[in-house]
Structures are given as C-alpha cells and as structure tokens.
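Dear colleague,

Please find the structure below for your review. The findings follow after it, grouped by topic.

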Amino acid sequence: MIRSAKHKTAPIIVWFRQDLRLRDNPALLAAHESGRPILPLYILDDKNSGEWKMGGAGRWWLHASLTALSEGLRGKLSFARGGSVKVLKEQVRKNGADVVYWNRCYEPWRIACDTAIEAELKSMGIEGKIFNASVLFEPPTTVKKDGTPYKVFTPFYQKGCLGKGLLPPFPEAAPENPTLFENKVLSLDGLKLLPEKTWYRKMEQHWNPGERGAQERLEEFLDNGLKDYKEGRDFPSRSNVSRLSPHLHFGEISPRQVWHEIRARMVAERCERDGEHFLRELGWREFSYSLLYHFPGLPRTNLQKKFDNFPWRNDKDALKSWQKGQTGYPIVDAGMRELWETGYMHNRVRMIVGSFLVKNLLLHWHHGEDWFWDTLVDADLANNSASWQWIAGCGADAAPFFRIFNPVTQGQKFDPEGVYVRKYVPEIAKLPDKYLHSPWQAPAEVLERAGIKLGQNYPAPIVDLQLSRKRALAAFKGL
Ligand code: FAD
C-alpha cells in the first residue's frame with residue numbers, strides 16, 4: 001500500500017541537455033505517459049566537458065533557450081551546476097525520485113557521464129532510461145554489414161541511413177498539460193551563462209532562440225527558402241539556407257520533424273531536387289555524429305594519420321588577422337565579421353575561410369576549430385570537428401588537400417554583386433564590383449575614389465595567394 005502511494009507521487013526526473021523542446025521529446029513524453037509528476041532538470045556541467053566547455057556564443061544562446069523552455073514548463077524547470085553524476089544523485093535523493101529519463105548525446109564526455117550515471121542509478125535501485133531525440137538514425141544502426149562504420153558519406157547516407165528502407169519515425173506532439181513537480185534549486189541567472197560585457201546584444205537582433213523561434217524559422221524556410229535551395233544555398237546573400245543549425249544543435253526542434261516537413265513540402269510544391277538536397281545536408285549532420293561516435297578522438301586527432309607530421313606554421317599575427325576579419329581578402333573578412341556580429345557564418349563562406357586558414361596561412365585546423373567553438377551559436381562538437389577535418393583534408397571523405405579555394409574567384413562566383421561583402425566590409429563598399437574581391441588590383445585612382453587607403457583603412461593582403469598555394473602543396477607533398 002505504502003509503496004504504491006509513494007510510487008504515484010514520486011517524481012520522474014526528466015534531465016534536459018541538447019533537447020530543449022517539448023515537441024517530439026521522447027524522454028519527456030515517456031515521463032508524461034507514465035502519469036507521474038515530472039521534475040524537469042537542466043544541469044550546467046562544466047566539470048566533465050574538459051576542453052569542450054561550451055563557448056561564449058553558445059552560452060548566450062543557451063541562456064535564451066532555457067528561458068524559453070522554462071516558460072513552456074510553467075516556470076518549473078530546475079537548474080543546477082556541477083558534475084552531472086553528483087547533481088543527479090543529489091536530486092534523486094532530495095526529491096525521492098525513483099526514475100530518471102533523458103535523451104542521448106554523442107559528445108564523448110557525455111557518453112562517459114551517461115555510462116557512469118546508469119551504473120550509479122542502478123546501484124541505488126533507481127530506473128534510468130535513455131531515448132533518442134537528436135539524430136534521425138542512431139550511429140550504432142548505420143554501420144556496414146560487417147559492423148564497421150562508414151568513412152565515406154555517399155554510401156553512409158544511401159546504404160547506412162536510407163538503404164534499410166526505414167524512414168525516420170514521425171515526430172510526436174508535445175505532452176498536453178503535463179503534471180510538473182515543484183523543486184527549487186538555482187535560478188537560471190545562477191548558472192551565470194551571460195558574460196558581464198553585453199556583446200551578445202547584437203546577436204539578439206538576428207535570432208530568436210527557443211522552440212517557438214525554431215518552429216518559426218522552419219516555417220519561414222519552407223515558405224521562402226526551400227525552392228531553389230540546391231542552387232541558392234551557395235550564395236551567402238540569398239535566403240536559401242534554413243539557419244536552423246543552432247536550433248538543431250540545442251534540440252529546440254527535432255530533426256525528425258524537419259525531415260518530414262521538408263518531405264511533405266517538396267512533394268506538395270514539386271521541388272524534389274531542392275528537398276532531396278536539403279535532406280542530404282541533414283545526412284551530413286548524421287555522418288558527423290556517426291564519425292564522432294565511432295571515432296571519439298575526432299575533435300583533436302587527424303583521421304588520416306599521415307597528417308600527424310604536417311608542418312603547420314606558428315604565426316600569431318596571421319591568426320589574429322584571420323579571427324578579426326583583417327586579412328585583406330574581402331570574402332574571408334566578410335565571413336569572419338559575419339561570425340563575430342551574428343554568431344553564424346554561411347556554409348560556403350565557412351569553407352572559404354577554413355581553406356584560407358589551413359592552406360594559405362598554413363595554420364593548424366585546431367585554431368579554426370577553437371575559434372568557431374567559441375564564436376558560433378551553432379558550435380557543435382560533431383559538425384565542427386568533422387567539418388574542420390574535411391576542410392584540412394585529414395578527415396573521412398575529406399576535400400583533398402590540394403583543392404585550395406581561391407578567395408577571389410570564390411567571391412566573384414558566389415557574391416558577384418558584392419552584396420554580402422559590402423554588408424560586412426563597409427569600408428570597401430564603394431569599390432566597383434570588378435575590384436571588390438581583389439582591392440589591391442584596383443588602380444590608384446579607383447581606390448582613391450572609393451576612399452580606400454590599402455594598409456591604412458583596409459589591409460593589404462596578408463599573404464600572397466600564389467606563393468602560399470605553392471607552399472601548401474609543397475608541405476602536402478612532403479608528407
Ligand atoms: P542548411 O543549409 O539550411 O542545412 C540544414 C542543416 O543541415 C543545418 O542546420 C545542419 O544541421 C545540417 N548541415 C548542413 N550542412 C552541413 C555540413 N556540412 N555538415 C554537417 N551538417 C550540416 N555546423 C554546425 O551545425 N555546427 C558547427 O559547429 C559547424 N562547424 C562548421 C565548421 C566548418 C569549417 C564548416 C565548413 C562547416 C561547419 N558546419 C557546422 C556545417 C555547416 O556549415 C552548417 O551546419 C550550416 O552552415 C548551418 O547553416 P544552415 O542551418 O543555414 O544550413
């Protein structure tokens with residue numbers, strides 16, 4: 001008698017991490033369906049994340065996203081700081097919980113925490129259950145017939161993901177009026193996610209973190225971006241990309257929902273090519289997660305060992321110029337300044353600035369990875385590490401090292417009218433299109449008319465493209 005009465009009122013802890021949503025949240029839904037009161041909990045764990053402690057831009061986003069989630073949970077979301085294992089055990093004891101539900105993450109440090117937590121809960125006689133909320137196909141299920149992971153994207157996507165004839169499950173609705181358990185731990189401000197300097201105010205103009213913002217972003221993309229995605233996605237001034245990446249990273253929207261809504265729309269509006277291409281990009285996200293899961297050293301270790309001896313340069317000044325968008329190459333500078341201003345950079349430009357860093361400047365891809373980690377609102381261990389390895393040529397299915405993006409021709413091709421460059425590099429906005437991507441080639445009178453003094457109000461190129469290209473190829477040959 002006594003046990004069943006306790007059982008009914010004891011809360012189920014739902015531990016939120018990168019699943020900051022109510023819709024299609026399997027852990028939350030399972031807790032709701034049990035009929036028990038739910039204690040929603042968020043733990044800021046800077047203890048176990050090691051060198052992958054969340055960066056500054058991500059913390060701003062997280063603060064806003066938790067504010068939104070807390071509102072959705074009628075102010076009952078509990079916050080705590082510290083090592084996840086310790087905090088969870090304390091919360092279980094304090095609130096008399098006998099069940100903990102959560103959704104899986106794929107960062108190696110989180111997997112290690114999950115393993116420890118499962119063992120601890122078991123030893124306490126507490127039920128712990130993990131669900132999938134963040135990927136379409138879980139990495140252990142997308143392996144080859146012999147059980148080894150795919151290292152090449154196309155067979156991974158076509159055979160590992162789609163080849164089994166199973167579509168991702170349809171998304172579930174948010175639980176209706178869940179019973180929530182009162183538990184005061186810390187206030188959100190107590191997590192101290194926001195810095196003292198209010199640089200993040202500029203980000204607020206560009207984003208609406210949280211579940212509602214994510215749903216609106218998806219709607220906007222379906223209405224105005226999906227048609228022409230396949231071609232338009234390469235042009236940074238066009239609105240053909242979804243900008244869903246931070247929402248997906250923090251789990252404010254479920255990839256299953258995105259997948260099925262895209263499919264429905266591409267059929268209804270007969271834009272199959274665009275839709276298929278977008279789904280393929282979600283496939284790249286799955287590929288990155290699979291790589292991180294099967295190769296947990298991905299964030300720091302070259303997947304191709306021969307790169308371990310690569311003769312990277314050490315040049316702090318060049319790195320600083322790159323970080324600040326002061327390289328003298330307008331498309332590179334525009335990208336780095338977009339990142340600084342908005343916490344985001346268009347994918348085409350990420351590739352251009354990445355290639356410039358590792359090939360023209362010959363600086364280690366870790367520098368780029370670290371800078372992006374701190375400044376991107378969508379900084380994601382799987383996508384960031386896999387993408388930097390791809391750019392550097394040392395990853396799985398990577399761009400060959402000898403393919404070196406030319407920032408001038410890339411700019412001319414993908415920003416022909418200079419809309420993107422003029423927006424982020426206003427000091428050269430008056431240059432005619434012909435010289436916009438290579439100001440040093442402009443005759444003196446053209447520079448003068450545009451108000452540009454190279455080396456004074458806009459830098460002269462910090463590196464010569466042809467010489468640096470030769471240097472990079474020689475370094476690669478020497479491996
Ligand atoms: P869309 O074109 O609308 O794509 C939809 C979604 O598909 C994205 O939100 C993303 O989840 C996924 N996606 C698209 N392209 C890729 C890709 N190449 N690899 C993996 N997933 C992809 N993406 C991150 O989410 N976090 C990162 O930290 C990150 N770091 C990167 C670093 C470098 C050097 C490069 C070249 C790429 C990086 N990417 C990263 C991948 C890609 O640039 C972004 O996912 C994309 O630009 C996000 O914009 P979007 O949502 O408008 O993309």
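**Salt bridges**

Glu51, Arg300, Glu369 and Asp370 are joined to one another in a network of salt bridges. The model is a predicted one, and 22 salt bridges are present in the structure. Side chains of opposite charge can pair when their charged atoms come close. Three individual pairs are described next.

The pair Asp98 and Arg36 forms a salt bridge in which the closest N and O atoms are 2.5 Å apart. Asp98 belongs to the loop between H4 and E4, while Arg36 belongs to the loop between H2 and E2, so the salt bridge ties together parts that are 62 residues apart in sequence. Both partners, Asp98 and Arg36, are buried.

A salt bridge also connects Asp46 with Arg59, with 2.8 Å between the closest N and O atoms. This pair links distant parts of the chain, 13 residues apart: Asp46 is in the loop between E2 and H3, and Arg59 is in helix H3. The two partners fall into separate classes of burial, because buried means under 20% relative accessible area. Asp46 has a relative accessible area of 24% and is partly exposed, whereas Arg59, at 11% relative accessibility, counts as buried.

Glu120 and Lys89 form a salt bridge through their side chains, at 3.1 Å from N to O. Here too the pair links distant parts of the chain, with Glu120 in helix H5 (residues 108-123) and Lys89 in helix H4, 31 residues apart. Glu120 counts as partly exposed at 28% relative accessibility, and Lys89 counts as partly exposed at 22%.

**Surroundings of Lys89**

Helix H4, in which Lys89 is placed, spans residues 84-95. When residues up to four places away in sequence are not counted, Lys89 touches Glu120 and Met124. The C-alpha atoms of Lys89 and Phe295 are separated by 30 Å, and the two residues are 206 residues apart along the chain.

**Helix H2 and its cover**

How much of helix H2 (residues 26-33) is buried? Six of its eight residues are, so that the helix is mostly covered. The buried residues of H2 are Pro26, Ala27, Leu28, Leu29, Ala30 and Ala31. Their cover includes four strands, namely E1 (12-16), E2 (38-44), E4 (99-103) and E5 (127-131), together with helix H11 (255-268). Just after H2, Gly35 adopts a positive phi of about 80°.

**Strand E3 and the positive patch**

Strand E3 contains Ser78, and Arg81 is found in strand E3 (residues 78-81) as well. Ser78 counts as buried, at 1% relative accessibility. Apart from its neighbours within four places in sequence, Ser78 is in contact with Leu39, Pro40, Leu41, Tyr42, Asn183 and Val185.

Arg81, by contrast, is partly exposed, with a relative accessible area of 41%. A positive surface patch is formed by Arg81 together with Lys47, Lys53 and Lys192. Arg81 can be part of such a patch because patches are made of residues with over 30% relative accessible area and no salt bridge.

**Residues with positive phi**

Which residues other than glycine take a positive phi? Arg74 has a positive phi of about 50° although it is not a glycine, and the phi of Arg243 is near 55°. Arg74 is found in the loop between helix H3 (56-72) and E3, and at 43% relative accessibility Arg74 counts as partly exposed. Arg243 is found in the loop between helix H9 (229-232) and helix H10 (245-249). Arg243 is also partly exposed, with a relative accessible area of 25%.

**His277 in helix H12**

His277 is located in helix H12 (residues 272-294). Is His277 buried or exposed? With a relative accessible area of 16%, His277 is buried. Leaving aside neighbours within four places in sequence, His277 is in contact with Tyr229, Lys230 and Arg233. For one of these contacts, Arg233, the C-alpha to C-alpha distance from His277 is 9.9 Å, at a separation of 44 residues in sequence.

With kind regards

Technical notes: Residues are numbered from 1 along each chain as its sequence is written. This is a predicted model: local features need pLDDT of at least 70, side-chain atom pairs count only at pLDDT 80 or more; totals for chains, interfaces and linings use all residues. Side-chain values use heavy atoms; hydrogens and water are left out. Patches are made of residues with over 30% relative accessible area and no salt bridge: like charges are joined within 9 Å, nonpolar side chains (Val, Leu, Ile, Met, Phe, Trp, Tyr) within 5 Å. Accessible areas come from the Shrake-Rupley method with a 1.4 Å probe; for residues, only the protein chains shown count as cover. A salt bridge is a side-chain nitrogen of Lys or Arg within 4 Å of a carboxyl oxygen of Asp or Glu. Lys and Arg count as positive and Asp and Glu as negative; His and the chain ends are not counted. The place of a charge is taken as NZ of Lys, CZ of Arg, CG of Asp or CD of Glu. Helices (H or I, at least four residues) and strands (E, at least two) are DSSP runs, numbered from the N terminus. Buried means under 20% relative accessible area, exposed over 50%, partly exposed in between (1.4 Å probe, protein chains only). Contact means heavy atoms within 4.5 Å.
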